[in-house]
Amino acid sequence: MKVLNQSINPPAALGVLGGGQLGRMFAQSAQAMGYAVWVLDPDPNSPAGQLANRHICAPYNDAEALKLLADNCAAVTTEFENVPADVLRQLGQVVPVAPSGDAVAIAQDRIVEKEFLQKGGVAVAPYAVIRTTDELHVAQSRAELFPAILKTARLGYDGKGQVSVKTADELAQAWQGLNAVPCVLEKRLPLQFEVSALLARGWDGEVAHYALAQNVHREGILHTSTVPAPSASNELTATAQQAAQKIAESMDYVGVLCVEFFILQDGSLVANEMAPRPHNSGHYTQNATLTSQFEQQVRTMTGLPLGATHQHSPTVMLNILGDVWFDENDQQRNPDWAGVLRQVDSFVHLYGKAEPRKARKMGHVNFVGKRMEKVVERCEEAMKTLGLSGGVND
Ligand code: ADP
Ligand code: MG
């Protein structure tokens, strides 16, 4: 594997696999530092492709496209975990790749991921692997796993590829409904709250932790992240951060890593999943820390010193889904961004997606301030302006 033995200086080109919003925000940070950005994504109008110095519009396993990327980029990263890990491994033979194909291979398969976490001594939800009819029957007989959630081992995101199952019969149906692809059946745990630990790790092993984020989901999609996590004690924060660091170190990870945790009713901590890239719950870093998670991604892959991760202001990040482009009669409308920005110290980030669809991530708004109470209040006012029901925590 190609390792970096000296830092990469601008105006070198950096490559990114994937052209979604995470790639776009990576590109913005890289370009701000003077790098050129090459994006590989099959979508002709992807959020990152739109502002790349060069957009290679091709499938992720297109040999010519990968050669072009490797020949022209000083280092390569990825913005999502569903690129074929072997593509990253191949690229890693000729150009420094961070995170590595091996790390991405773990994070892109829930079966491998759970085994890896457990081996590292990190607790996970009780689960069963279902790849065959025999394994289905074994899972059906494990009464302690129900009620449960059936999750596809691969390619799930934002609650997609997940079915809630109450009984053994429902499980059989649900698995058929998912075309009998490899899955994990996870016991549905009584959650007190959810947090995520975000860190950056450099080629030299230096680690920088961000504050712990507390995450609220709506229908399987992140709704808000509140940082620092209001429900987490210092001890819990340290435990989560240490677990995340241990995970990173055992993969010899280079890049930005996020580990999602469940906090159960009894206060214990269970790892849910990890993302080998910047994470939605880390978007707050753009406005509440000196170094955003995207700049950190640039610094890690180029071998530059990591930036300060200290959080200067309490924050709430509100995800903006396509739903706010539709009124109660399903008529399309333009969200009132001016109304949102009337809340002081609020920052709108939109991803340049042409078509708003319900449940599609279109952007986010960061609210910062001196006192968390005020920040929450302003976020909830903005939610009203956008026609969103409920509050930050529900
Ligand atoms: P995704 O890849 O879509 O983020 P997750 O596995 O993280 O999928 O699940 C999304 C959300 O669903 C979690 O953040 C949590 O709110 C809920 N969830 C998932 N698994 C469980 C579980 N075993 N028990 C309780 N809630 C769960
Ligand atoms: Mg998740």
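## Surroundings of ligand 1

Ligand 1 is surrounded by 18 residues, and the closest are Lys151, Gly159, Gln162, Glu194 and Asn272. The model is predicted. By class, the shell around ligand 1 holds 9 charged, 5 nonpolar and 4 polar residues.

Five strands each supply at least two residues of this shell: E6 (148–152), E8 (183–187), E9 (191–201), E13 (255–264) and E14 (269–275).

## Polar contacts and cover of ligand 1

Two nitrogen contacts and one oxygen contact are described here. A polar side-chain atom of Glu186 lies 2.9 Å from a nitrogen atom of ligand 1. For Leu189, a backbone N or O atom lies 2.9 Å from a nitrogen atom of the ligand. At Glu194, a polar side-chain atom lies 2.5 Å from an oxygen atom of ligand 1.

On its own, ligand 1 has 550 Å² of accessible area, and the protein covers 91% of this.

## Magnesium site

The magnesium ion (ligand 2) has as its protein donors two entries from Glu260 (OE) and one from Glu273 (OE), at 2.0 to 2.7 Å. The pair links distant parts of the chain, 13 residues apart: Glu260 belongs to strand E13 and Glu273 to strand E14. Strands E13 and E14 also each supply at least two residues of the shell around ligand 1.

Glu260 counts as buried because its relative accessibility is 13%, under the 20% cut-off. Glu273 has a relative accessible area of 23% and is therefore partly exposed.

Key
Residues numbered from 1 in each chain as written. Chains lettered and ligands numbered in written order. Predicted model: local features only at pLDDT ≥ 70, side-chain atom pairs only at ≥ 80, totals over all residues. Heavy atoms only, no water. Near = heavy atom within 4 Å. Polar contact = N/O pair within 3.5 Å; in protein donor to acceptor, adjacent residues only side chain to side chain. Areas by Shrake-Rupley, 256 points an atom, 1.4 Å probe, with all protein chains shown as cover. Helix = DSSP H or I, 4+ residues; strand = E, 2+ residues; numbered from the N terminus. Nonpolar A, V, L, I, M, F, W, Y, C, P; charged D, E, K, R; others polar. Donors = N, O, S within 2.8 Å, 3.2 Å for Na, K, Ca; no water. Buried < 20%, exposed > 50% of the residue type's maximum accessible area, 1.4 Å probe, protein only.
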